[in-house]
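Student: Please take a close look at one part of this model, the nonpolar core, and then at individual residues in the surrounding chain. A connected account would be most useful.

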Amino acid sequence: MDFDTAVQFHGHVCPGLSIGYRVATLAAKHFKDRSKDEELIAIVENRSCAVDAIQVINGCTCGKGNLIFKDHGKHVYTYFKRGENKALRISLKPDALPQDEKHTALFAKLRAGTASPEEAKEFRVLHDAKSQRILEMPEEELFWVKEVEIEPPEKAVIYPTLVCSKCGEGFMEPLGRVKNGKIVCIPCFEAKDE
């Protein structure tokens with residue numbers, strides 16, 4: 001799968017997607033195939049655009065249980081195959097992408113809705129150029145890559161569905177809570193009683 005496939009899945013070109021594409025293709029070269037089921041696992045340590053490229057290129061998804069999310073806010077990605085005790089850890093070098101003050105300022109204006117059409121156009125040019133630069137950078141300038149040992153997580157478990165006694169919606173059994181003597185889902189458990 002190529003970068004256009006990742007763009008189509010994600011919806012637009014951006015530096016985060018470019019980082020994820022580079023990570024995903026590096027992992028694909030190392031492991032030689034795309035995950036059909038749970039055999040290839042990706043542990044991602046952020047919730048950035050990069051994760052979309054990993055889903056589409058490597059076939060690692062939350063639904064299959066082979067995309068594990070840890071909210072560490074780091075561009076760190078660890079891949080391994082079930083049955084192997086060595087994993088591939090890929091981390092973005094902190095100095096690989098120097099801060100571009102103009103790009104950052106324009107991005108803030110765009111998000112706040114205060115960018116002029118000219119500023120929005122200038123942002124897009126800078127954004128696309130940064131994305132392209134990431135796609136073209138030598139791997140050794142962009143990432144630290146090393147083999148690590150890891151304790152593999154269990155395979156995905158399919159739990160029975162319970163019905164919340166308050167809202168009537170189904171939820172996975174281990175996520176049930178008891179409130180006022182009744183089994184409820186987490187949102188109903190956390191809701192203020194009226």
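Tutor: A residue is called buried under 20% relative accessible area, exposed over 50% and partly exposed in between (1.4 Å probe, protein chains only). The model is predicted, so local features need pLDDT of at least 70 and side-chain atom pairs pLDDT 80 or more, while totals for chains, interfaces and linings use all residues. Numbering starts from 1 along each chain as its sequence is written, and side-chain values use heavy atoms, without hydrogens or water.

The core comes first. A nonpolar core is a set of buried Ala, Val, Leu, Ile, Met, Phe, Trp, Tyr and Cys residues joined through side-chain atoms within 4.5 Å. The largest one here has 34 residues, and the members that touch the most others are Ile-54 and Tyr-79. Two or more residues come from each of α1 (3-10), α2, β1 (40-44), α3 (50-58), β3 (76-81) and β4 (86-92); these helices (H or I, at least four residues) and strands (E, at least two) are DSSP runs numbered from the N terminus. With eight residues, α2 is the element that gives the most to this core. α2 spans residues 15-31.

Tyr-79 shows what such a position looks like. Setting aside residues up to four places away in sequence, its contacts (heavy atoms within 4.5 Å) include Val-23, Ala-24, Ala-27 and Phe-31. Leu-40, Ile-41 and Ala-42 also touch Tyr-79, as do Ile-54 and Asn-58. Its remaining partners are Ala-87, Leu-88 and Ile-90.

Thr-78 belongs to strand β3 and is buried, at 5% relative accessibility. Beyond four places in sequence, Thr-78 meets Ile-41, Ala-42 and Ile-43, then Ala-87, Leu-88 and Arg-89, and in addition Val-148 and Ile-150.

A loop residue can also be buried. Asn-66 sits in the loop between α3 and β2 (67-69), and its relative accessible area is 0%, which means that it is buried. Apart from neighbours within four places, Asn-66 contacts Ser-35, Asp-37 and Glu-38, followed by Leu-40, Ile-41 and Ala-42, and also Gly-59, Cys-60 and Thr-61.

Other loop positions are accessible to the probe. Arg-34, in the loop between α2 and β1, is partly exposed at 35% relative accessibility. Outside the four-place window, Arg-34 touches Met-1, Glu-39 and the residues Gln-55, Val-56, Ile-57, Asn-58 and Gly-59. His-12 lies 22 residues from Arg-34 along the chain, and their C-alpha atoms are separated by 23 Å.

Tyr-159 is located in the loop between β5 (143-149) and β6 (161-163). A relative accessible area of 36% makes Tyr-159 partly exposed. Its C-alpha atom is separated by 5.8 Å from that of Met-172, which is 13 residues away along the chain. When neighbours within four places are excluded, Tyr-159 is in contact with Met-172, Glu-173 and Pro-174.

The last residue concerns backbone geometry. Most residues other than glycine have a negative phi. Asn-180, although not a glycine, has a positive phi of about 55°. Asn-180 lies in the loop between β8 (177-179) and β9 (182-184), and at 65% relative accessibility it counts as exposed.

Definitions and conventions: Axes fitted to C-alpha atoms, helices over the stretch in contact; angles between N-to-C directions.
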